[in-house]
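Dear colleague,

I am passing on the structure we spoke about, and you will find it directly below. My notes on what was found in it follow, and I would be glad if you read them with the structure open beside you.

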Amino acid sequence: MVQISTVNKAAALQNKQQTLVSELLAVQWMLRGTFGTTFRRCGKPSCWCSDQIGHPYTRITWTEKGQSNTKAIPEHDRQWVKGITTAYRIYRSKRRQLQTLQQKVKLLLDQFETQVIHKTQKQRDYLG
């Protein structure tokens with residue numbers, strides 16, 4: 001007989017998949033990249049930064065077509081950019097979770113297939 005636990009596990013994983021897909025599709029804004037603050041010297045010999053670590057510089061860094069890009073973020077957009085880059089990281093994490101669940105469902109379906117074939121072969125021994 002087919003194990004009920006296999007069917008129950010597959011159904012539970014399917015529910016988790018549906019929840020993750022819904023969460024992924026609910027995302028409205030995201031931006032690939034890393035948001036952060038770095039420091040740079042302005043180059044003026046009389047500026048205080050010439051003997052310090054430099055002026056704070058908020059930026060986003062991303063890779064596109066194999067090339068690294070950096071863009072300065074104005075102060076009024078810092079929270080927004082921080083939020084949408086965080087949303088992207090969360091999105092990618094949930095996608096990885098979804099891929100893991102899909103692999104688990106595949107393994108359970110393989111197990112289910114084996115069980116059903118074995119049960120069927122016991123009914124009529126045509127292949128053995």
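**Salt bridges**

Lys 106 and Asp 110 are joined by a salt bridge, in which the closest N and O atoms are 3.1 Å apart; the term is used here for a side-chain nitrogen of Lys or Arg within 4 Å of a carboxyl oxygen of Asp or Glu. Before going further, please keep in mind that this is a predicted model, in which local features need pLDDT of at least 70 and side-chain atom pairs count only at pLDDT 80 or more, while totals for chains, interfaces and linings use all residues. Residues are numbered from 1 along each chain as its sequence is written, and side-chain values use heavy atoms, with hydrogens and water left out.

Lys 106 and Asp 110 are 4 residues apart in helix α2, and therefore about one helical turn separates them. Helices, here and below, are DSSP runs of H or I with at least four residues, and strands are runs of E with at least two, both numbered from the N terminus. Lys 106 is partly exposed, with a relative accessible area of 43%, and Asp 110 is likewise classed as partly exposed, at 33% relative accessibility. For these classes, buried means under 20% relative accessible area, exposed means over 50%, and partly exposed lies in between (1.4 Å probe, protein chains only). As a marker of distance across the model, the C-alpha atoms of Lys 106 and Thr 34 are separated by 34 Å, the two residues being 72 residues apart along the chain.

The structure holds 2 salt bridges. Besides the pair already described, the side chains of Glu 23 and Lys 94 meet in a salt bridge at 2.8 Å, N to O. Glu 23 belongs to helix α1 (residues 4-25) and Lys 94 to helix α2, so this pair ties together parts that are 71 residues apart in sequence. Glu 23 is partly exposed, with a relative accessible area of 34%, and Lys 94 is also partly exposed, with a value of 24%.

Two further C-alpha distances involve these helices. Lys 94 and Ala 11, which are 83 residues apart along the chain, have C-alpha atoms separated by 19 Å. Asn 8, which lies in helix α1 and counts as partly exposed at 47% relative accessibility, is 93 residues from Leu 101 in sequence and 14 Å from Leu 101 in space, C-alpha to C-alpha.

**Strands and the hairpin**

Strand β1 (residues 34-40) and β2 run antiparallel and are joined by 7 bridges; two strands are taken to pair if DSSP finds at least two bridges between them. Within this pairing, the bridge partner of Thr 38 in β2 is Tyr 57. Strand β2 (residues 55-64) is also joined to β3 by 6 bridges, and these two strands run antiparallel. Among the partners in β3 are Ser 68, which is bridged to Thr 63, and Gln 67, which is bridged to Glu 64. Strand β3 (residues 67-72) lies largely in the open, because the number of buried residues among its 6 is 0.

The hairpin of β2 and β3 has 2 residues between the strands, and there Lys 65 takes a positive phi near 55°. Most residues other than glycine have a negative phi, and you may therefore wish to look at this loop residue when you open the model. Lys 65 is exposed, with a relative accessible area of 85%.

**A positive patch**

Which residues gather in a patch of positive charge on the surface? They are Arg 32, Arg 92, Arg 95 and Arg 96. A patch is made of residues with over 30% relative accessible area and no salt bridge, with like charges joined within 9 Å. Lys and Arg count as positive, whereas His and the chain ends are not counted. Of the patch members, Arg 92 lies in helix α2 (residues 78-123) and counts as partly exposed, at 34% relative accessibility.

With best regards

Definitions and conventions. Patches are made of residues with over 30% relative accessible area and no salt bridge: like charges are joined within 9 Å, nonpolar side chains (Val, Leu, Ile, Met, Phe, Trp, Tyr) within 5 Å. Accessible areas come from the Shrake-Rupley method with a 1.4 Å probe; for residues, only the protein chains shown count as cover. The place of a charge is taken as NZ of Lys, CZ of Arg, CG of Asp or CD of Glu.
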